[in-house]
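Here are a few exercises to work through with a viewer open. Try each task yourself before reading its solution.

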Amino acid sequence: MNDVTKAVSEFVKDKGFQIKIIAQKTGVSQNVLYNSFSGKRKLRADEYLAVCDFLGKDPNDFRKTA
């Protein structure tokens with residue numbers, strides 16, 4: 001899992017969002033979200049942007065800055 005996907009996954013868990021609801025509202029399948037949040041794949045850019053939009057977060061919020 002890359003740092004950005006990991007950060008999104010942790011945010012989703014910490015805030016108690018349900019993957020089922022995220023999937024319904026974003027059009028990203030539950031399977032894709034489960035696999036991404038469990039480290040089996042990275043979120044694609046379009047998936048990432050859709051999830052950030054649903055979460056009400058700026059996509060840059062999950063980037064690590066040096």
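Helices here are DSSP runs of type H or I with at least four residues, numbered from the N terminus. By that rule, Thr26 is found in helix H2. Keep in mind that this is a predicted model.

**Exercise 1. Follow Thr26**

Task: find which residues Thr26 contacts beyond its neighbours within four places in sequence, and trace its polar partners.

Solution.
- Step 1: set aside the neighbours within four places; Thr26 is then in contact with Ala50, Val51 and Phe54.
- Step 2: take Val51 from that list. Thr26 and Val51 are 25 residues apart in sequence, yet their C-alpha atoms are 6.4 Å apart in space.
- Step 3: turn to polar atoms. The Thr26 side chain reaches the backbone oxygen of Ile22 at 2.7 Å, and a polar atom of that side chain lies 3.1 Å from the backbone nitrogen of Val28.

**Exercise 2. Describe the packing of H2 and H4**

Task: decide whether H2 is roughly parallel or roughly perpendicular to H4.

Solution.
- Step 1: recall that two packed helices are described by the angle between their axes and the distance between the axes.
- Step 2: for H2 and H4, the angle is about 110° and the axes are 10 Å apart.
- Step 3: angles of 65 to 115 degrees count as roughly perpendicular, so H2 is roughly perpendicular to H4.
- Step 4: list the residues that make the contact. H2 brings Ile21, Ile22, Lys25 and Thr26, and H4 brings Ala50, Val51 and Phe54.

**Exercise 3. Find the buried sides of H4 and H3**

Task: for H4 and then H3, work out which residues are buried and where they sit around the axis.

Solution.
- Step 1: in H4, the buried residues are Glu47, Tyr48, Val51, Cys52 and Leu55. Their arc around the axis is only 130°, so they lie on the same side of H4.
- Step 2: look at the other side of H4, where Ala45 and Asp53 are exposed.
- Step 3: see what the buried residues of H4 pack against: H1, H2 and H3.
- Step 4: repeat for H3, where Val32, Leu33, Ser36 and Phe37 are buried. An arc of only 115° puts them on the same side of H3.
- Step 5: the cover over the buried residues of H3 includes H1, H2 and H4.
- Step 6: check what comes after each helix. Gly39 follows H3 with a positive phi near 90°, and Gly56, just after H4, has a positive phi of about 75°.

**Exercise 4. Assemble the core**

Task: which helices supply the largest nonpolar core, and which residues have the most contacts inside it?

Solution.
- Step 1: the core has 16 residues, and those with the most contacts inside it are Val8, Leu33, Phe37, Leu55 and Phe62.
- Step 2: H1 (3–15), H2 (19–26), H3 (30–37) and H4 (45–55) each supply at least two of its residues.
- Step 3: H4 gives the largest share, 4 residues.
- Step 4: inspect Phe62. Leaving out residues up to four places away in sequence, Phe62 touches Val4, Ala7, Val8, Phe11, Tyr48, Cys52, Leu55 and Lys57.

Terms used. Residues are numbered from 1 along each chain as its sequence is written. This is a predicted model: local features need pLDDT of at least 70, side-chain atom pairs count only at pLDDT 80 or more; totals for chains, interfaces and linings use all residues. Side-chain values use heavy atoms; hydrogens and water are left out. A nonpolar core is a set of buried Ala, Val, Leu, Ile, Met, Phe, Trp, Tyr and Cys residues joined through side-chain atoms within 4.5 Å. Buried means under 20% relative accessible area, exposed over 50%, partly exposed in between (1.4 Å probe, protein chains only). Contact means heavy atoms within 4.5 Å. The arc is that of the directions from the helix axis to the C-beta atoms. A polar contact is a pair of N or O atoms within 3.5 Å; within protein, one must be able to donate a hydrogen and the other to accept it, and residues adjacent in sequence count only if both atoms are side-chain atoms. Axes are lines fitted to C-alpha atoms, for helices over the stretch in contact, and angles run from 0 to 180 degrees between N-to-C directions. Angles under 35 degrees count as roughly parallel, over 145 as roughly antiparallel, 65 to 115 as roughly perpendicular and the rest as oblique.
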